[in-house]
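Subject: Structure handover

Hello,

Here is the structure I said I would pass on. Please have it open while you read the notes below.

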Amino acid sequence: MRMLWQAVGAEWAKLWSVRSTWWCLACAFALTVLTSITLAGGAATEALREGAHGVRIVASEAVISGTSFVQFALVALAMLVITSEYASGGIRITLQATPVRGMVLAAKALVVGPVMFAVGVLAGAVAAVAVYLVLSIDAFGGLVVLPAGEVVVDLLGTGVFYALVSVTTVGVGAAMRSAAGTLTVMFMLLMGLPLAILMTGVPALLDASLRMPMFAGLAFMGSTENLTGGPMPYSPGEGLVWLLAWTAAAVVAGHAVLRRRDA
């Protein structure tokens, strides 16, 4: 246990000692705020155009809708946590300091997961307040609201989603060992394959695509629609189960490669 916490301390120091961490986090915060304002503004404008009555747009719902874009800034950061060490050769020093390779992967996950959770909650809170302030004007007639209870639930869900996607990225990075390979796999897993499968229109394939990480995340965060506007066929609890399953599969694959291949 002592070795694990020493490894966690080393990973924490490495994470905050490089500029790429700060650039990725800055991009994540900026994207969260901008996409949330844009999406909420579009929804409010459409509601007014259709003359909808009694419609309320919770500011934090726009944060959830924007996760499809923001997640890639955090994927880039999580990817660099492991692939940069392979690129620089630093992985050899890491494995000499912590010979138990599973412990190395666990330490990286224990650092990346909580950090991304905090980023998701903090960036989401800033974005939700920004949405409320920017769109709380007479033109929108008070459509945008900021109820504390709903906002807290939405932000916690966003944080958990980002944490799990980031740990998944660490697992994929350990398996792929390259930034290009990891980014390609994560893009296909999160966006490319689900959307491509949805376009086929084949019912069995559609059902499978809706259980991939992005759609599972949307379901877990309380979205009732998938990215195409269709209904989400399962509950938030099932969405979390699918997210955890994808994360576990990625970590197991990364651990298997890390154990079997030389640094």
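Which residues does the UniProt annotation "transmembrane region" cover? According to that record, an unreviewed entry, they are residues 66–88, 109–135, 155–176, 183–206 and 240–258. Please keep in mind that the model is predicted.

Two of these spans were looked at in the model. Residues 66–88 are 96% helix and 0% strand, and the C-alpha atoms at the two ends of this span are 33 Å apart. For residues 183–206 the figures are 92% helix and 0% strand, with the end C-alpha atoms 24 Å apart.

The whole chain

The protein chain contains 11 helices and 2 strands. From start to end of the sequence, their order is α-α-β-α-α-α-α-β-α-α-α-α-α.

How does the radius of gyration of the protein chain agree with that of a compact globule? A compact globule of 263 residues would have a value near 18 Å, and the protein chain has 20 Å, which agrees. The C-alpha trace spans about 65 × 40 × 30 Å along its principal axes.

Of the 263 residues in the protein chain, 46% are buried. If you take the contacts between residues at least 6 apart in sequence, 75% of them join residues at least 24 apart.

Surface and charge

About 12,400 Å² of the protein chain is exposed, and 70% of that area comes from carbon and sulfur atoms. The protein chain has 13 positive and 12 negative charges, and the mean positions of the two sets lie 22 Å apart.

Two residues to look up

Glutamine 71 sits in helix 4, which runs over residues 67–88. Is glutamine 71 buried or exposed? Its relative accessible area is 0%, so glutamine 71 is buried. Setting aside neighbours within four places in sequence, glutamine 71 is in contact with Phe161, Tyr162, Leu190, Met191 and Met214.

Leucine 198 belongs to helix 8, residues 179–200. Why does leucine 198 count as buried? The cut-off for buried is under 20% relative accessible area, and leucine 198 counts as buried because its relative accessibility is 15%. Leucine 210 is 12 residues away from leucine 198 along the chain, and the C-alpha atoms of the two are separated by 8.4 Å.

When you go through the model, you could begin with glutamine 71 in helix 4 and then go to leucine 198 in helix 8.

Regards

Note on methods
Residues are numbered from 1 along each chain as its sequence is written. This is a predicted model: local features need pLDDT of at least 70, side-chain atom pairs count only at pLDDT 80 or more; totals for chains, interfaces and linings use all residues. Side-chain values use heavy atoms; hydrogens and water are left out. Helices (H or I, at least four residues) and strands (E, at least two) are DSSP runs, numbered from the N terminus. The radius of gyration is taken over C-alpha atoms; the globule rule is 2.2 Å times the number of residues to the power 0.38. Buried means under 20% relative accessible area, exposed over 50%, partly exposed in between (1.4 Å probe, protein chains only). Contact means heavy atoms within 4.5 Å. Accessible areas come from the Shrake-Rupley method with a 1.4 Å probe; for residues, only the protein chains shown count as cover. Lys and Arg count as positive and Asp and Glu as negative; His and the chain ends are not counted. The place of a charge is taken as NZ of Lys, CZ of Arg, CG of Asp or CD of Glu. UniProt positions are given in the numbering used here, feature names are shortened, and annotations may be inferred rather than shown by experiment.
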